[in-house]
Amino acid sequence: MIWKDPAAGPPIDSSADAPRPVSSPNLCTVLIAQISDCHIRDRASTFGRLVDTTETLIRVVEHLRALDPAPDVVLATGDLTDDGTSAQYSALRSILAPIADRIVPLPGNHDESREFRQAFADLLPDNLPKEHCSYVVDHHPVRLVGLDTTLPGRHDGRFDSSLESWLEESLTADARPTVVFTHFPPFETGLKFMDQSGLADADRLQATISRHPHVRLLVAGHLHRSIQTTINTTLVSICPSTGNQLKLDLHPDRAAAIDEPPAFQLHRWDGERFVTHTGLVRNPELVQTVDLGNYAAEVRRRHEAGEPFSKVVTS
Ligand SMILES: [Fe+2]
Ligand SMILES: [Fe+2]
């Protein structure tokens with residue numbers, strides 16, 4: 001049989017003695033989708049004439065709903081509406097309805113705490129603190145700790161000593177692998193205008209995370225781009241927007257939005273580590289795919305038979 005790996009496929013290791021890829025079928029996996037910065041507006045108005053954020057969120061929700069395997073959880077990390085009005089939350093909830101059973105929401109600087117709490121009353125715990133919308137979700141193999149660092153009437157955020165106490169207590173309570181989800185990323189990204197209006201006391205949050213290495217992943221939004229770094233052994237990842245993205249331009253005096261595709265992230269816990277994927281959701285009418293099912297079936301057959309992935313030269 002001629003087996004030719006497609007150009008788009010992964011490199012094939014032809015050595016029969018090469019170590020086999022490790023798979024851990026018995027480990028407990030959790031699939032955590034993340035959406036962020038949906039910025040739903042009162043009407044289907046566009047952002048800077050670039051993006052209709054209602055239309056793009058509908059498209060992302062449809063994409064998430066069709067994922068197989070389906071995500072166990074969909075974290076929504078803030079700026080879910082543009083102005084925090086009840087009309088915007090009402091529109092948001094109806095767009096999210098197909099995946100409402102797995103949404104775990106957190107506010108961003110564009111949200112309004114009172115309206116946010118009312119809109120998501122059915123999904124938020126009864127014992128939310130009065131001062132912030134931080135809470136813990138405890139019924140998955142990994143703990144989800146939502147950290148709300150927004151400030152009323154402000155577009156920047158703060159991780160003050162009372163939030164530090166709340167987070168310290170929440171993380172000390174359980175040593176299971178943990179995801180912290182929040183809106184403002186606790187590090188400088190190099191997009192200066194965003195860094196300068198970001199999280200005050202980010203170093204305090206970094207120090208708190210560093211004291212708790214069982215925080216295996218910290219996810220945020222706010223930057224409207226996919227950006228990653230580490231805090232000690234913790235992977236830190238920023239999710240792009242489901243609407244408009246910010247242009248990748250690290251010049252300190254420039255800033256622009258750009259019509260890059262709406263996106264989400266998928267954080268896969270395999271029982272040992274998180275792996276983060278970024279999914280782009282382009283207009284379905286413009287998307288082309290090539291089916292690699294036969295190639296994948298042959299890979300699976302060889303893997304299960306213990307056969308080497310030898311290159312086959314075709315004339
Ligand atoms: Fe945003
Ligand atoms: Fe934001």
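Here is a quick tour of a mixed sheet, a helix and a nonpolar core.

This is a predicted model, so local features need pLDDT of at least 70, side-chain atom pairs count only at pLDDT 80 or more, and totals for chains, interfaces and linings use all residues. Residues are numbered from 1 along each chain as its sequence is written, while chains are lettered from A and ligands numbered from 1 in the order in which they are written.

**The sheet**

- Five strands line up as E5-E4-E1-E16-E17 in an open sheet with mixed pairing; strands here are DSSP runs of at least two residues, helices are H or I runs of at least four, and both are numbered from the N terminus. Two strands pair if DSSP finds at least two bridges between them.
- E5 (103–106) and E17 (274–280) sit at the edges with a single partner strand each, so one side of each has no neighbour in the sheet.
- E1 (residues 30–35) runs antiparallel to E16 (residues 263–269), joined by 5 bridges, and here leucine 31 faces arginine 268.
- E1 also pairs with E4 (residues 73–77), this time in the parallel sense over 4 bridges, with alanine 33 opposite valine 74.
- E16 and E17 are antiparallel over 7 bridges; leucine 266 has histidine 277 in E17 as its bridge partner.

**Helix H1**

- H1 (residues 53–66) has 14 residues, which should span 20 Å at 1.5 Å a residue, and its end C-alpha atoms are indeed 20 Å apart. The expected span is 1.5 Å times one less than the number of residues.
- Thr53, Thr54, Thr56, Leu57, Val60, Val61 and Leu64 are buried in H1 (20 or more other C-beta atoms within 10 Å of a residue's own; 12 or fewer is exposed, in between is partly exposed, and C-beta atoms are placed from the backbone).
- These buried residues cover an arc of only 160° around the axis, which puts them on the same side of H1; the arc is that of directions from the helix axis to the C-beta atoms.
- Arg65 and Ala66, on the other side of H1, are exposed.

**The core and two of its neighbourhoods**

- The largest nonpolar core holds 56 residues, and Val74, Ala76, Val179, Val180, Leu218 and Val219 have the most contacts inside it. Such a core is a set of buried Ala, Val, Leu, Ile, Met, Phe, Trp, Tyr and Cys residues joined through C-beta atoms within 7 Å.- Strand E11 (residues 215–220) gives the most to this core, with 5 residues.
- Leucine 218 is in contact (C-beta atoms, placed from the backbone, within 7 Å) with Val180, Ile209, Ile231, Thr234 and Val236, leaving aside neighbours within four places in sequence.
- Phenylalanine 181 belongs to strand E9 (residues 178–182) and counts as buried because it has 28 C-beta neighbours inside 10 Å.

Definitions and conventions:
Contact = placed C-beta atoms within 7 Å.
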